[in-house]
Structure formats: structure tokens, C-alpha cells
Amino acid sequence: MTNALLIKNEGLMYSVSFPSRTSLIDFIETDIQHTRSSFDHKVMIYEDQLNALRSWAAEKNLETLEFTPTQISA
């Protein structure tokens, strides 16, 4: 398992998958606007929150892996 956030462009929003429950809980406690998509380690954010997410990930020593809709469907 990698220590990375998986960020997928899903059109209007981006799904963000976290490597652990701990990192998800740490993220939820931030001021970054998000929507919880389910009870797995995932949230949804809008594009204007991406830079804040990247900065938070860097502070937590988490790599970010970003995927476009074309990469997802391939």
C-alpha cells in the first residue's frame, strides 16, 4: 500500500481516496471544503479546493496521484 492520495477528476468534482482512516480523519478536521461520498476512505472536492488539498498532503508527507477522466476509463 502506498502512502498517497488518489485524486480522480470526475467532471464537476474530484474524488479523493486516502491511504488510511487516520489520514481521512486528519483531512476531515481541516477547513478544506468537501463532501463525504461514502464510508470508505473517500471524499469529493471541487477544483477550487485542489491547491489546499495538495498543500495539506505535502504537510502530511503524502504523495498525490492525480488521474484524468481519460486515464480512468482506459
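Student: Before anything else, what counts as a contact here?
Tutor: A contact means that heavy atoms lie within 4.5 Å. In this predicted model, residues 24 or more positions apart account for 54% of the contacts in the chain with a separation of 6 or more.

Student: OK, and which elements does the chain have, in what order from the N terminus?
Tutor: From the N terminus on, the elements run β-β-α-β-β-α-β-α, which gives the chain three helices and five strands.

Student: How are the strands arranged in the sheet?
Tutor: The five strands form an open sheet in the order β3-β4-β2-β1-β5, with mixed pairing. At its edges are β3 and β5, the latter covering residues 63-67, and each of these pairs on one side only. Helix α2, residues 50-59, packs on the sheet and touches β1, β2, β4 and β5, while its direction makes about 165 degrees with that of β1.

Student: Let me look at β4 then. How many bridges join it to β2, and how many to β3?
Tutor: Strand β2, residues 13-17, is joined to β4, residues 42-46, by five bridges, and the two run antiparallel; within that pairing, Val16 has Val43 as its bridge partner in β4. Strand β3, residues 35-36, is joined to β4 by two bridges, again in an antiparallel arrangement, and here Thr35 has Met44 as its partner in β4.

Student: Switching to α1: which of its residues are buried?
Tutor: The buried residues of α1 are Ser23, Leu24 and Phe27. They lie on the same side of α1, because they cover an arc of only 105 degrees around the axis.

Student: And what covers them?
Tutor: The cover over the buried residues of α1 includes β3, β4 and α2. On the face of α1 turned away from that buried side, the exposed residues Arg21 and Thr22 are found.

Student: Ser23 catches my eye. Why does it count as buried?
Tutor: Ser23, which lies in helix α1, residues 21-28, counts as buried because its relative accessibility is 8%, and the cut-off for buried is under 20%.

Student: What is Ser23 in contact with, leaving aside its neighbours within four places in sequence?
Tutor: With those neighbours left aside, Ser23 is in contact with Phe18, Trp56 and Leu62.

Student: Different spot now: where does Asn61 lie, and is it buried or exposed?
Tutor: Asn61 lies in the loop between α2 and β5, and it is exposed, with a relative accessible area of 64%.

Student: What about the phi of Asn61?
Tutor: Its phi is positive, about 60 degrees, although Asn61 is not a glycine. As background, most residues other than glycine have a negative phi.

Student: Last one, on the whole chain: how much of it is buried, and what is its accessible surface?
Tutor: Buried residues make up 32% of the 74 residues in the chain. The accessible surface of the chain comes to about 4900 Å², and 51% of that surface belongs to carbon and sulfur atoms.

Conventions: Residues are numbered from 1 along each chain as its sequence is written. This is a predicted model: local features need pLDDT of at least 70, side-chain atom pairs count only at pLDDT 80 or more; totals for chains, interfaces and linings use all residues. Side-chain values use heavy atoms; hydrogens and water are left out. Helices (H or I, at least four residues) and strands (E, at least two) are DSSP runs, numbered from the N terminus. Buried means under 20% relative accessible area, exposed over 50%, partly exposed in between (1.4 Å probe, protein chains only). Two strands pair if DSSP finds at least two bridges between them. Axes are lines fitted to C-alpha atoms, for helices over the stretch in contact, and angles run from 0 to 180 degrees between N-to-C directions. Accessible areas come from the Shrake-Rupley method with a 1.4 Å probe; for residues, only the protein chains shown count as cover. The arc is that of the directions from the helix axis to the C-beta atoms.
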